[in-house]
Amino acid sequence: MTFPTSFPPQHQNQHPGIESEMNPTPIYADNMYIKKGDILKEKVAVITGGDSGIGRAVALAYANQGADLAIVYYNEHNDAEETKKLVESAGRKCILMAGDISDSSFCSSVIERTINEYGKIDILVNNAAVQYVCNDIKQLSDNQFDKTFKVNVYGTFYMTKCVIKHLKSGGCIINTASVTAFAGNETLIDYSMTKGAIVAFTRSLSTALAKGKTGIRVNAVAPGPIWTPLIPSSFDENKVAQFGANTPMGRAGQPIECAPAYVFLASDSASYITGQTIHINGGEIVNA
């Protein structure tokens, strides 16, 4: 498969962005990466930010491996309906829930509805996030700082806290971190801080659950520059046009290139892996 090496200048005013308005639209499915199988047969997965980008690619990959889905998203209803259609065309069930994961009561309702619908939860993917560019820390407002942390960190915490009592041995939590947690980013200081917190949360919770003999694993995936709706809704047109060009591989990644890592971490093949981070960043060495 040939992947784009550059993008037309573009910007979206709505955040975290609409996938259907991107040019080109992200690549979220290809048989070369995720073939039909039964690696996750009869599993139930909850994916936040599952309507588009990495979340959509993971949802479809999980469906193709036999899992039923609960997709959580903010307000991108058309993208979410398209993802549901794709999951159902793969022969699996999909429920959609729109809301703000920075609200603990909403997170509780997500888990409650999923249990009512499917009777269990096996996998939680904490993927939803926001990011806002700020070129000078003196201009980083309290409101922006609070919102970034409340969605990215509080949302991850709330979803995890709500689901943990329902996960049984063999269950897993997969958090979406970022290369920025390890390398930093001069214009995404608060976002990078939240992703560092998610890495620490992954390591701490995994240790607690392992020592508690729960049989529940917690891992993370740290994407680099991936072509998702966050990008045109975060950066200006010129930066979007150059997105990913500074990686060793010379291009941005696509959501489909992230999905196999999430399948692996959710599978029995990863039964002895917890507290770890898989880096999908086009070759940037982070040594962490």
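This is a short walk through a predicted model, one selection at a time.

**Stop 1: the sheet**

Start with the strands. Turn on a cartoon and look for an open sheet of 7 strands, paired in parallel and ordered 3-2-1-4-5-6-7. Strand 3 (94–98) and strand 7 (277–280) are the edges, each pairing on one side only. Look along the sheet and you should see the twist, which averages 15° from one strand to the next. If you like to think in hydrogen bonds: strands of a sheet pair through backbone hydrogen bonds, either parallel or antiparallel.

**Stop 2: strand 1 and its two partners**

Now select residues 44–48, which make up strand 1. How many of the 5 residues here are buried? The count is 5 of the 5, so strand 1 is largely enclosed by the rest of the structure. Show the side chains and you can sort them by direction: Val44, Val46 and Thr48 point one way, Ala45 and Ile47 the other, and every one of these is buried.

Add residues 68–73 to the selection. That is strand 2, which runs parallel to strand 1 with 5 bridges between them. For a handy landmark, pick Ala45 and find Leu69, its bridge partner in strand 2.

Then bring in residues 123–126, or strand 4, joined to strand 1 by 3 bridges, again in the parallel sense. The residue to click here is Ile47, with Val125 of strand 4 opposite.

**Stop 3: on to strand 5**

Stay on Val125 and step across to strand 5 (172–176), where Ile174 stands opposite Val125. Strands 4 and 5 are paired in parallel over 4 bridges. Strand 5 is mostly covered, with 5 of its 5 residues buried. Check both faces: Cys172, Ile174 and Thr176 sit on one side, Ile173 and Asn175 on the other, and all are buried.

**Stop 4: Tyr73**

Go back to strand 2 and select Tyr73, which belongs to this strand. Is Tyr73 buried or exposed? The relative accessibility is 8%, and the cut-off for buried is under 20%, so Tyr73 counts as buried. Draw a C-alpha to C-alpha distance to Gly49: these two are 24 residues apart in sequence and 4.9 Å apart in space. Now expand the selection to contacts. Leaving out neighbours within four places in sequence, Tyr73 is in contact with Asp51, Ala80, Leu96, Met97, Ala98 and Gly99.

While you are in this area, select residues 77–89. This is helix 2, lying across strands 2 and 3 and running at about 165° to strand 3.

**Stop 5: helix 4 and Val163**

Next, select residues 142–163, helix 4. What does helix 4 lie across? You will find strand 1, strand 4 and strand 5 under the selection, with the helix running at about 170° to strand 4.

Val163 is part of helix 4 and, at 0% relative accessibility, counts as buried. Not counting residues up to four places away in sequence, Val163 touches Ile111, Ile121 and Leu124. Try the C-alpha to C-alpha distance to Thr180 as well: 27 Å in space, for a pair 17 residues apart in sequence.

**Stop 6: helix 4 against helix 6**

Keep helix 4 on and add residues 189–211, helix 6. The two axes come within 9 Å and cross at roughly 20°. Angles under 35 degrees count as roughly parallel, so helix 4 and helix 6 are roughly parallel to each other. Their crossing is right-handed.

For the contact itself, show side chains including Phe145, Phe149, Val153 and Phe157 on helix 4, and Tyr191, Met193, Ile198 and Phe201 on helix 6. Colour by class and the contact of helix 4 with helix 6 splits into 10 nonpolar, 6 polar and 1 charged residues.

**Stop 7: helix 1 against helix 9**

Last selection: residues 53–64 (helix 1) and 255–266 (helix 9). These pack at an angle of about 55°, with the axes 8 Å apart, and are therefore oblique to each other. The crossing of helix 1 and helix 9 is right-handed.

On the helix 1 side, show Gly53, Ile54, Ala57, Val58, Ala61 and Tyr62; they meet Pro255, Ile256, Cys258, Ala259, Tyr262, Val263 and Ala266 of helix 9. By class, this contact has 12 nonpolar residues, 1 polar and no charged.

Note on methods: Residues are numbered from 1 along each chain as its sequence is written. This is a predicted model: local features need pLDDT of at least 70, side-chain atom pairs count only at pLDDT 80 or more; totals for chains, interfaces and linings use all residues. Side-chain values use heavy atoms; hydrogens and water are left out. Axes are lines fitted to C-alpha atoms, for helices over the stretch in contact, and angles run from 0 to 180 degrees between N-to-C directions. Helices (H or I, at least four residues) and strands (E, at least two) are DSSP runs, numbered from the N terminus. Angles under 35 degrees count as roughly parallel, over 145 as roughly antiparallel, 65 to 115 as roughly perpendicular and the rest as oblique. A crossing is left-handed if the near helix is turned anticlockwise from the far one by less than a right angle, and right-handed if clockwise. Contact means heavy atoms within 4.5 Å. Ala, Val, Leu, Ile, Met, Phe, Trp, Tyr, Cys and Pro count as nonpolar, Asp, Glu, Lys and Arg as charged, and the others, Gly among them, as polar. Buried means under 20% relative accessible area, exposed over 50%, partly exposed in between (1.4 Å probe, protein chains only). Two strands pair if DSSP finds at least two bridges between them.
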